[in-house]
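Trainee: I should like to learn how the features of a protein model are read. May we go through them together, one at a time?

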Amino acid sequence: MGVDLRQVVAGVLTLTMFVMLGNMIKRDHFDSVEGKFPGARDVEFDSEKVSEQGLVTFSKKSTNGPWVEGGLELKPCWKESNFDDVESKGFVTFSLTNGPEYHVSQIADAVVVARYIGATLVLPDIRGNKPGDERKFEEIYDVEKFVKSLVGVVKVVKGLPEDVSIRDFAVVKVPNRVSEDHIAEQIEPVFRTNSNVRLATFFPSVNMRKTTKTSASDSVACLAMFGTLELQPEVNEVVDSMIERLRTLSRKSDGRFIAVDLRVEILDKKGCHGSSATGTKSCFSAQEIAIFLRKIGFGKDTTIYLTQPRWDESLDVLKDIFPKTYTKESILPADKKAKFLESEDSEFEKVIDFYMCSQSDVFVPAISGLFYANVAGKRIASGKTQILVPADIPGTSSSVTNHFSPYISKKNHLAHSCFC
């Protein structure tokens, strides 16, 4: 039987149309679309283009996802030469509690108070959530850096003189981001009477947004929050080794990785399946994070670090979509596990998570709160501005620029008042 040439040509054309249609469907489902950042032109993922606001720069080498080039590291707006020496007349003590996201704010408040009332600041201890869980400051942070950074601002001592008893200290409550008015009205009178005070910081709300109101203590607060705390060498070495390990695992993404603050225990407490009164969610599950990252364009070879202490079966759905998903137990150096993974409530683990999230190429807070806010502050200071806030995306895809944190897009974080 002869073959009709017209039928062959028709068959080839039909097959070609099906192939083209298949590619179009695939792009609609898995490719990120171009979108608009408020006040900016369209952003293209396949070429370097900067928004008019100067907030977004996509790399020409961008592979396996909508990776954004790191911004310039900002310079402190405060000037140390503006600080005059203050004569010390008594002591201020306090403790660092609840994890590094709180430590940053507690340090700032204590330094501001000590500076205002003219007191010597006693190096704080570090206390965990369990009774008796106490550590020395130098077990986690660099003492020399802390003391040196505050020279000319407040005097810092490692301990109280033998003739001064902590039992004689008056305890005063200090609201986070304490104002000069509050110090003058509520703390200074107590200090003048007792000569020594112990501070107990509390957090009326989690608010790290910058304000239009300024005060003489702003520079002191900025220095204390962003210029005093550094990890001691051993802890810093552990964090660096974990970051290097993740970069090695991320060759297909040019060494880039995403850090996601996702802790199952907190997600269960917050009830993440419901929405708030404003219609926005305060936390997202592993499945929701996986779908979010996929819809904004990150590929299956993307490397992800989770703050979850130990692997939980609820994370399997995330690993199914992104096989290169890790918790600290799988990337921590073997010779450090005994010390740094000693318990699920280890202060070391919290510190590791905080600094991993501060130094990752992308940070995704699955949980709202102070951890997110203070990680954002450190990232802003270092120019690592790709902070993506999750959302339930109704369609098949969304532009990554639609999900930048308001701390970045609106420049409304306190850090923007401290850095230029």
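Trainee: Which residues of strand β12 are buried on each side?

Mentor: In a regular strand, side chains alternate between the two faces of the sheet. In β12 (residues 362-365), Val-362 and Val-364 are buried on one side, while Phe-363 and Pro-365 are buried on the other, and both faces are thus covered. Buried means under 20% relative accessible area, against over 50% for exposed and in between for partly exposed, with a 1.4 Å probe and protein chains only. Strands (E, at least two residues) and helices (H or I, at least four) are DSSP runs, numbered from the N terminus. This is a predicted model, in which local features need pLDDT of at least 70 and side-chain atom pairs count only at pLDDT 80 or more, while totals for chains, interfaces and linings use all residues. Residues are numbered from 1 along each chain as its sequence is written, and side-chain values use heavy atoms, with hydrogens and water left out.

Trainee: In which sense do β9 and β12 pair?

Mentor: Two strands pair if DSSP finds at least two bridges between them. Strand β9 (residues 258-261) pairs with β12 in the parallel sense, over 4 bridges. Ile-258 stands opposite Val-362 there.

Trainee: In what order do the 5 strands of the open sheet lie?

Mentor: The order is β6-β3-β1-β8-β7, with parallel pairing. β6 (156-157) and β7 (170-175) are the edge strands; each has a single partner strand, so one side of each lacks a neighbour in the sheet. β7 is joined to β8 (residues 196-202) by 6 bridges, and Val-171 has Arg-198 of β8 as its bridge partner.

Trainee: How is the packing of α2 and α5 described?

Mentor: Two packed helices are described by the angle between their axes and the distance between the axes. Axes are lines fitted to C-alpha atoms, for helices over the stretch in contact, and angles run from 0 to 180 degrees between N-to-C directions. The axes of α2 and α5 (residues 218-226) come within 8 Å and cross at roughly 140°. The residues in contact (heavy atoms within 4.5 Å) include Val-104 and Ile-107 of α2 and Val-220 and Met-225 of α5.

Trainee: Where does pLDDT stay under 50?

Mentor: pLDDT is the predictor's confidence in each residue, from 0 to 100. Where pLDDT is low, the predicted coordinates should not be read in detail. It stays under 50 over residues 12-55, whereas the protein averages 82.
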